[in-house]
Each structure stands twice: as C-alpha cells, then as structure tokens.
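Here's a quick look at the empty space inside a protein and at the surroundings of its ligand. Have the viewer open as you read.

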Amino acid sequence: MWLLFSGMVFGFPNDSETVRIGVLAPRGAEQCLEQWGPTAEYLTSIVPGYTFQIIPLAYTEVAPAFARGELDFVLANPSLFIELEQLYGASRVATLKDSCLGNVCTVYAGVIFCRRDREDIRRLEDLEGKKFMAVAEDSFGGWQMAWRELHERGIDPRRHLADLQFAQTHDEAVYAVLDGRAEAGTVRSNTLERMAAEGKIRLDDFRVLGQPDKEKDPFPFLRSTRLYPQWPLAKAHDTSVELAESVAVALIRMLPDLPAARAARCAGWTIPPNYLPVHECLKELRIGPYKDYGKVTLSAAVRRYWFAVAGATLLLIAAVTVSGYVMRLNRRLNLAAAGQRKEFAERMKAEETLRKSEQLHSVSEKLSAVGRLAAGVAHEINNPLTGVLTFAHLLREKQDLDEQAKQDLGLIIHETTRASEIVHGLLDFAREKAAVKEPLDVNAVIGRTLQLLGNQKAFRQISVEERLQDNLPKVDGDVNQLQQVLLNLCLNACEAMPKGGALTIATSAGEESVLIKVADTGCGIKNEHLDRIFEPFFTTKPVGKGTGLGLSVSYGIIQEHGGTMEVESAEGKGTEFSIVLPAAATTGVQDGNRRVNQ
Ligand code: ADP
Ligand code: MG
C-alpha cells in the first residue's frame, strides 16, 4: 500500500523507461561514472517518466554499441560524433560549456608546448625531429587538433618526428614533457591552467608554441590550434524528438553551480554550434569518416565526380556513333564504287563482295570492341547508380524533409533513373549474353507484346489491327529478345503517331521462314535519315525522350536469330518494318522416335 502510494507521488518510478547515455570514457569507467553520474541523476529528476543511465565506453566500443541500437544518446568528442553522424544518423542535441577562471566557452583547442628552457623550440616548425607526446591517438583535443597544425606545416608525425607517443591522460602528457621523457607535447586547452590551479605545475615552466596574439584572442586559455566546438550530446537516429527536446531543455537549464555541473567540471550546456571545423580537420587528416577521402575507387569516383562520368559517357557515345558513321561511310563508298565499275560487273561483283565483307568485318570488329568497352563501363556505372537510386528513395521516405529537399530528391531520382536507362540500353546493345532459343510461335509472342502495350497510356488512342496467319511454322528464338524487338517497333510506331492512328501487325509464312510486318500511319522517316536509323544512338527525338538504341538493339537481335530487318517509309504517310526469321527445323521426327523408344 505504501509502495503504491509512493509510486503515485513520485511519478511511478518503477514504470519509467530507461534511457541509456553512452559516454566516451578515456580515463576509465570509474572516473566516467563519477563525472557524469550526477548528470544522469539530474536528468532523471527533471524529465518525467524516464530513468537515465550512464554507460562508460572505450573509444572503440562507442560506434559498435551505437550501431547495435544499444544507446539512446551518446556523449563523445567531436571527431567521434562526426563519425556517428555520418554513419548512423546521430544528431546533436546540446553542447558542453567549459569553465575555468570564471570564463565560459563552447569551443576548445589544442595546446602544443615544450619546457621554457628549450631555447631551440620556438615555433611549430621546430618540432621536426623532436620526441613528441600526445594524449591518445583518438583524442581530438589531445592529438588530432595538433596533428592538423603540424600537417599544415608539412610535418608528417610518422616521418618527421623523432618519436610519437601517447600518454593516455592529459596530466601524464604534461608530466612527460616536464620531466624530459618528451621534448614537446600536446593536450587540450585549459589543461595547463587547470593543473596550475591545482598546484601540480607552474605555467612559467612551459612555452606554448604557435600561440595567437594573446591581446587580440577572445579565447581565454592558452592555445596553439584553431578553435573547435566542444563535446556534443547526440541522439540516436530513432530516439524520439520529444525525449531529445526534454533532455536538451533540461541540460541547457542546468546551472553551473549544480552538483551535476560541478561533477562534470563544466559550466553547463548550450545549443550546439556548427561542427564544420571538425569536418574540415578530419578531412584534412583523412581520418574517421574521411579515411578514404581522395582515394580514387571507381564507385566512389562515380559517386563524387558526376561530371567526369557524364563526360566519359559522352565519349563512349561519341565512340559508338563514330563507329556507326564509319559503317555508313563504308556502305556509301561501296555503292559508289559499284556504280562506276558497272561494265566490269561480273569481275567487280566478286571483288566487291569480298571487299565488303572484309570491311564489314573490320567495322564489326571495331564495333564489338567498343561494345565490350561499353559493357564494361556500363556494368561499373550501374552499381553506383543503383546505390544512388536506393539511397535517394530511402531519403525521400524520411518524414522531416522540407518541400525543397523533396523536389531536389525527385530530380535526383529522375535523372538517375534516366542514366540507368541509358546504361541498360548500352548493356543491351553490347549484349554478351547468348540468346536462349526455343521453338516459338511468333503469333503468341505478338499477342503477349500487345498485352503489355495495352497498359501504355499513349497506346490508347491508336487502333491496332492484327493480321496473323494461322499455323505459322515455329521459329527458333529467344522469347524475351523477340518481345523486346516487337516492343521497340510498336513504341516507335506509337511515338510516330502522337495524335493517334493505326498500327498493323501482320504475320505470314514464307519459304522456310516467317515474315513479320509492323506498319504505322505515322509521320514517316525522312529520306536522309533512312540509312541512319539502325545506328546506335541515332535519334530524332528530343533529349530525354529517345536514346536512339531501340532499333540498333533490335537489329542486332534479329541478326543473331539469322534473320533480316528492313524498313520502308513515306514521309507524312507512315512506316513499315519487315522482319524475316528462319523457320525452326521440324521436330515431328524426334517426337516420333521418342515415342518408339518408350
Ligand atoms: P529512339 O526511339 O530512342 O529515337 P530508335 O533506335 O528506336 O531510337 O529509333 C531511331 C529513330 O528512328 C527515331 O528517333 C525515329 O527518328 C526513327 N523511327 C523509328 N521508328 C519510326 C517510326 N515508326 N516512324 C517514324 N520514325 C521512326
Ligand atoms: Mg525507340
């Protein structure tokens, strides 16, 4: 009864939800709990319905725990936070305020120092060839900030320092320089002042290197590096915004003289500043999420250098087009030659056939080389494209996007989809996959194609007439490829009749062959275009509409089936494509045999 009563009065502490705050603990769990436990108690007392718990974590434990969803919040140094932000969607809620000597600041820096009696070390450049002590490899204020300054002065710590060691705590790093185990060292700002205030060292024993003009510097502590924002508290991706808001408000209201603030050795909390300087630092050092920054992997390059990719694609297109042009030129040359030498018809005919086949052979060799190149590049481009598309779709599903972001994402998706279509067209064009052939009923393939097209909006205002001959011989074909050919022809016809018209598809049996005709009453094809329409990338359609690959792919497929494809067209009246496919060898005998064998 008493329990129930107390539960009612104190807000049902037994029902409260536990909120786990992971805290980067460079000085061990015990020290961490001592420093941040009071903050958890403070939050538990202020935010109703929740019990806050501190989870001390070593540097390498933070990201995995965060990734596994074990933490609702995380308190870590800025460089680790950036990594969590980029990899797992962490977002900052509040930032620590530091206090010392009556000053409060939301930024901090690194101090690089040596003993004052080292007359030979006066500038950062003098550190070359010296023994150096930092706090820890992952420490932002106790190493990475200083590293950036050295890096900018052309000092690569691993190559240009005589020795680089890590003391693990700030105080130890200071002592190491003081007693000569290292010639210079770095710690976060306010360490020297704090230790001096604690009576551990005398500031006069040290010289700070690269210090900005003290008079003009608004920053109250000694420093050698530029300023960076303090440690942020960040929320996990799926921690509710309501809870994060309550936590932020509670923290920002924390007064500097509360036990929580005193234990944390901070002056309270504030709204998070911009963390861009941290990004810049990590980028320059190529660490954290920027580890591979600037390394060129193909997929990363494609993602990053869209323009170059577009250029490469254009080049590819140009290469293929040139091949097509060469082919056309050859054909013209041959025709001209044939015309001039009519009187030597007999002899020349044999010669020409030979030459033509040789030329065609060399052109088709070139084309197939380009094709292979195209296929290779297309494969490589296709993977990153799929990645971009997937992530763009995922992003668009996010709840908190504004209108502009939604529109921009729509554009990204649209453009990427189009790039992907071109790539698939290229892959079709450079098809290396052999056709899977089986005896097919052409009429059935046509039926299925028209069924597919029936769903197309543009197809609704077109009257379709099927004149299919019964009992056609079967053809040996790949059902998907032949369907692709028919689709291409019908879609072209459809696009040639934007105001409607008639599409006729006819089949008939020839001598050991099947004839397919696809005719439309559309705009027709200009005479000068007639011998170009089978070229890859030849299109008369506006940018973004046609790829110019439909007919060249179709032509390739029909050739592979041992057939032929021709076109007749009258401008303004219509176009008719004729395909002849060889009939499959009859299978009746085989059937008969099988039956006998059984
Ligand atoms: P795309 O349709 O992407 O332009 P295609 O290779 O399918 O590429 O066609 C190439 C060009 O041939 C078209 O741009 C068009 O000029 C012409 N063409 C093809 N079919 C027809 C048709 N039925 N009527 C008129 N023009 C056509
Ligand atoms: Mg087309």
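## Cavities

A cavity here is a set of points, on a 1 Å grid over the protein atoms alone, where a 1.4 Å probe fits but cannot get out; lining residues have an atom within 4 Å of a point. Volume is the space filled by probe spheres set on the points, with grid points joined across faces, edges and corners. This is a predicted model, where local features need pLDDT of at least 70 and side-chain atom pairs pLDDT 80 or more, while totals for chains, interfaces and linings use all residues. Residues count from 1 along each chain as written, and side-chain values use heavy atoms, leaving out hydrogens and water.

There are four cavities of 30 Å³ or more, and the largest holds about 60 Å³. Its lining includes Ile-21, Trp-36, Leu-233 and Trp-269. Strand S1 (17–24) and helix H2 (29–46) each give two or more residues, with H2 giving the most, three. (Helices are DSSP runs of H or I, at least four residues; strands are E, at least two.)

## Around ligand 1

The shell around ligand 1 has 20 residues, and Asn-492, Thr-539, Thr-540, Lys-541 and Leu-551 come nearest; a residue is near if one of its heavy atoms lies within 4 Å. Helix H17 (479–496) is one of the elements supplying at least two residues, and H17 gives the most, three.

Now for the atoms: a polar side-chain atom of Lys-541 sits 2.6 Å from an oxygen of ligand 1, and a polar backbone atom of Gly-548 is 2.8 Å from an oxygen of the ligand.

Methods: Chains are lettered from A and ligands numbered from 1 in the order in which they are written. On a 1 Å grid over the protein atoms alone, a cavity is a set of points where a 1.4 Å probe fits but cannot get out, and a pocket is an open set with protein on both sides within 12 Å along at least five of seven lines; lining residues have an atom within 4 Å of a point. A polar contact is a pair of N or O atoms within 3.5 Å; within protein, one must be able to donate a hydrogen and the other to accept it, and residues adjacent in sequence count only if both atoms are side-chain atoms.
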